[in-house]
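Reader: Pick one helix for me and take me right round it, please. I'd like to know what it shows to the outside, what it hides and what it leans on.

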Amino acid sequence: MSSLKLKFSQVDVFSERRCFGNPLAVIHDADDLSPAQMQQIASWTNLSETVFLLRPTKASADYRIRIFTPRVELPFAGHPTLGACAAWLAAAAEPTKRMDMVQECAKGLVRLRRNMAEASQGHEDLRFDLAFEAPALKISGIDDQTKIAFCEALGIGSDDLLDCAKLDNGPVWYAFWIKSHAGLMGLKPDHAKLSTLGKAGVAAPLASAQKTRADLRPAAIRPGQAADSSDHASALGPPAIPGIAVRAFAAALGVNEDPVTGSLNAALAQWLMGKASLPKHYQALQGQALGREGLIDLRLGSSEQLWVGGCSKLVIQGHMLVDAD
């Protein structure tokens, strides 16, 4: 049986330390793979998502991606967007100083921006500090029956719930804003029940003592660093102090708990900033319950467009062999 030899990368997304973020498998130059082969590979890697880099079909795009969970294809997802861009940049024959990229996916075109102050120092370290422009969000209410079913499956008490909404930015999330970080970390979801309901995201504010811990800041950006007034810096500049913690449950996609979730954090920011529950620049922690150190930067740019940023580091590079259909 003949086989294809394809370049393979594994990227750790949304963490300053390798193996503490959300891993992403990236298959390069995957145009000759069928959708069935892509789905089988994603099932085999068994990561929350696997991305396939393809030639773009839009003239304005630099590259195109398809995103697969172990069970289904997604139109858009956050950590695959950053991780795929990092893998694409790392695969360049020569280090590039490009600061703006356009990625094509099933959701449409997504703009990305790069922090060259960091990335230009570390091509050998294969570290890329990137942000993507969040896609448009549709917000709708959750009917009482569905809300009760989710709260029972998640273990959220009625006294702990502050607000909830259905959020759609490609993926659909049932979002729950609760009172305390302790309550968030104490959740013990019934994943079998959640698998029949849909994807759930739960967020809570961090206590003041947690917000001021210096070790929650990204090591690469020092406290007090002056902000640049350029539009580029509005997407990638000095970070805010972490303000919330997040957990994401996606048993319906074969992922009981996702370590760090860009699409959910983007949706939560657009929802909660709009309600004035959160400032227009903050950071979110995710993955604590899984022993991870996910850190996501969320800020409104000068045009009031949300940018979702974080660090991506290459961990594995090589090739994979795929049997021909």
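What follows is a stroll round that helix and on to its neighbours.

Author: Let's take helix 4, residues 144-154. Before we start, bear in mind that this is a predicted model, where local features need pLDDT of at least 70 and side-chain atom pairs count only at pLDDT 80 or more, while totals for chains, interfaces and linings use all residues. Residues are numbered from 1 along each chain as its sequence is written, and side-chain values use heavy atoms, with hydrogens and water left out.

Helices (H or I, at least four residues) and strands (E, at least two) are DSSP runs, numbered from the N terminus.

At the N-terminal end, Asp143 acts as the cap, with a side-chain oxygen 3.2 Å from the backbone nitrogen of Gln145. For scale, a polar contact is a pair of N or O atoms within 3.5 Å; within protein, one must be able to donate a hydrogen and the other to accept it, and residues adjacent in sequence count only if both atoms are side-chain atoms. Just past the other end, Gly155 has a positive phi of about 85 degrees.

Now the hidden side. Phe150, Cys151, Ala153 and Leu154 are the buried residues of helix 4 (buried means under 20% relative accessible area, exposed over 50%, partly exposed in between, with a 1.4 Å probe and protein chains only). They fall within an arc of 165 degrees when you look down the axis, so they line one face of the helix; that arc is taken from the directions from the helix axis to the C-beta atoms. Over on the other side, Asp144, Gln145 and Glu152 are exposed.

What does the buried face lean on? Its residues pack against strand 10 (161-168), strand 11, helix 6 (191-197), strand 12 (200-205) and strand 13.

Strand 11 (residues 172-178) is worth a stop, since Tyr174 sits there. Tyr174 counts as buried, because its relative accessibility is 16%. Beyond four places in sequence, its contacts (heavy atoms within 4.5 Å) include Thr146 and Phe150, along with Ile142, Ala165, Lys166 and Leu197. Tyr174 also has a C-alpha 7.3 Å from that of Gly198, 24 residues away along the chain.

Strand 13 (residues 242-250) leads a step further, pairing in the parallel sense with strand 15 over 4 bridges (strands pair if DSSP finds at least two bridges between them). Strand 15 (residues 281-286) has 5 of its 6 residues buried, so it is largely enclosed by the rest of the structure.
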